[in-house]
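Biologist: Please take a close look at a single part of this model, the backbone and surroundings of one loop residue, and then set that part in its wider context.

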Amino acid sequence: MNKNKQETPVHIRLWHREFWLMAFASLLLTMSVYILIPIMPRWLMEVENFTPEETGLSMGVFALGLYLLGAQCSWLVQHYRRNVVCMWAIFAVALDVALLWYIDSLRTEFVEFWIILLQRFALGAFFGLAQMVLSSTLIIDTCESSQRTEANQSATWFSRLALAVGPMVGLGVYEWLGFHWVVWIAVGCAVLTVLLVKAVDFPFRTPEDDLHVASLDRFFLTHGTVLYLHLMWICMVVGLLLSLPWDAVFYALMLGGFLLAVLVQHFLFPNAEMKSEIVSGQMLLLAAVFVLMVSPDSPVPPVLVGLSVGVIASRFLLFFIKLSRHCQRGTSQSTYFLAWETGLTLGIAIGYGLLYEQREILLFVASSLIVVSLLVYHLFTHSWFMNNKNR
């Protein structure tokens, strides 16, 4: 195909070659970052002699980086080829992660705290840009307009699975081969993502005339702030739970919960009342925390976490889409992504920085956040959404 043509190939089915490639690209790109969730804090404290507070700040600054290049996203994908912007951002993610290998090689001295802060901040910036372009533009461009909601839901499921697959792989590799190999596998995931994006032809599009270098287009849906804050709140609870010292089995069971969520959505919630999924999901998450309080070694909590997160996140994504106005679908995807990542990161940062080795207090805080979230959703958020949705 001539890359300079403006014709877009027509696909009758959603699951065609290009969409499969973009879905797996989303999975691998997210894995390249999530693989470090359980490993990097341990490495910082055990090898680099960081305090829990420094470790929490190091993990948390990633969330700030997510917002650095978001305002330039729309300008970049129109001023340059959108797939090229995505590939360069992913390549920057690979280089940023590879820097950890160099730091780990300097065993004669401890790394400076500010270097790790910059590394994590830059990782958030490049990962944020790459995912915004991938989810708000490239994935949408591979399918027909009538298939875009299904495409958004399906592709986001691939990146959601990385929350279990990434840490599971990272922990397994860390135990067998050490930190070096964890880093190189993360880099390998990013490099494979670049190859997948490069394998798809995206037709050239003429930039808009009134293009601004900085804008909220493809970045943040301002009238979705209520949903953004509520999803971030729930994801903070998940981040808190992930800051506890789990093994690979926990994440394998969590993956089972994600797969169970797919079945539950298909068979139990297709015609259910709109509020039911988020309320049920939060109750399942609360049940997971209660079981952890009573029976820490039970295999049930990770399954419940995966099931609840899968159900909640899928419905919130659909809510963001329904809240968006004409030509704001990409912006709604980026806003959902920012809420998800910010909440997870803040939860992990608080778990290490303020509640490290205080399991009982952490679980009490997590359960309290869920209870308040349930009340706020029931009393305010859902009715606000129903009054403001556009689709």
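Modeller: Glu-357 counts as exposed, because its relative accessibility is 70%, where exposed means over 50% relative accessible area, buried under 20% and partly exposed in between, with a 1.4 Å probe and protein chains only. This is a predicted model, in which local features need pLDDT of at least 70 and side-chain atom pairs count only at pLDDT 80 or more, while totals for chains, interfaces and linings use all residues. Residues are numbered from 1 along each chain as its sequence is written, and side-chain values use heavy atoms, leaving out hydrogens and water.

Glu-357 sits in the loop that joins helix 13 (329–353) to helix 14 (359–388), helices being DSSP runs of H or I with at least four residues, and strands runs of E with at least two, numbered from the N terminus. Its phi is near 60°, a positive value in a residue other than glycine. Arg-218 likewise is not a glycine and has a positive phi, of about 65°; this residue belongs to the loop between helix 8 (179–198) and helix 9 (225–242). Arg-218 nevertheless counts as buried, because its relative accessibility is 17%.

As for the wider context, the protein chain has 14 helices and zero strands, and 58% of its 391 residues count as buried. Its radius of gyration, taken over C-alpha atoms, is 20 Å, which agrees with the value near 21 Å of a compact globule with 391 residues, the globule rule being 2.2 Å times the number of residues to the power 0.38. Of the contacts with a separation of 6 or more, 89% are between residues 24 or more positions apart, a contact meaning heavy atoms within 4.5 Å.

The structure also holds 20 aromatic pairs, that is, rings of Phe, Tyr and Trp (its six-membered ring) with centres within 6.5 Å, where planes under 30 degrees apart count as stacked, over 60 as edge-to-face and the rest as tilted. Among them, Trp-75 and Tyr-80 are edge-to-face, at 5.9 Å centre to centre and 90° between the planes, and Tyr-80 counts as partly exposed because its relative accessibility is 45%. The pair of Trp-157 and Phe-258 is edge-to-face too, because the ring centres are 6.1 Å apart and the planes stand at 85°. That pair links distant parts of the chain, Trp-157 in helix 7 (residues 148–177) and Phe-258 in helix 10 (residues 248–267), 101 residues apart, and both residues are buried.
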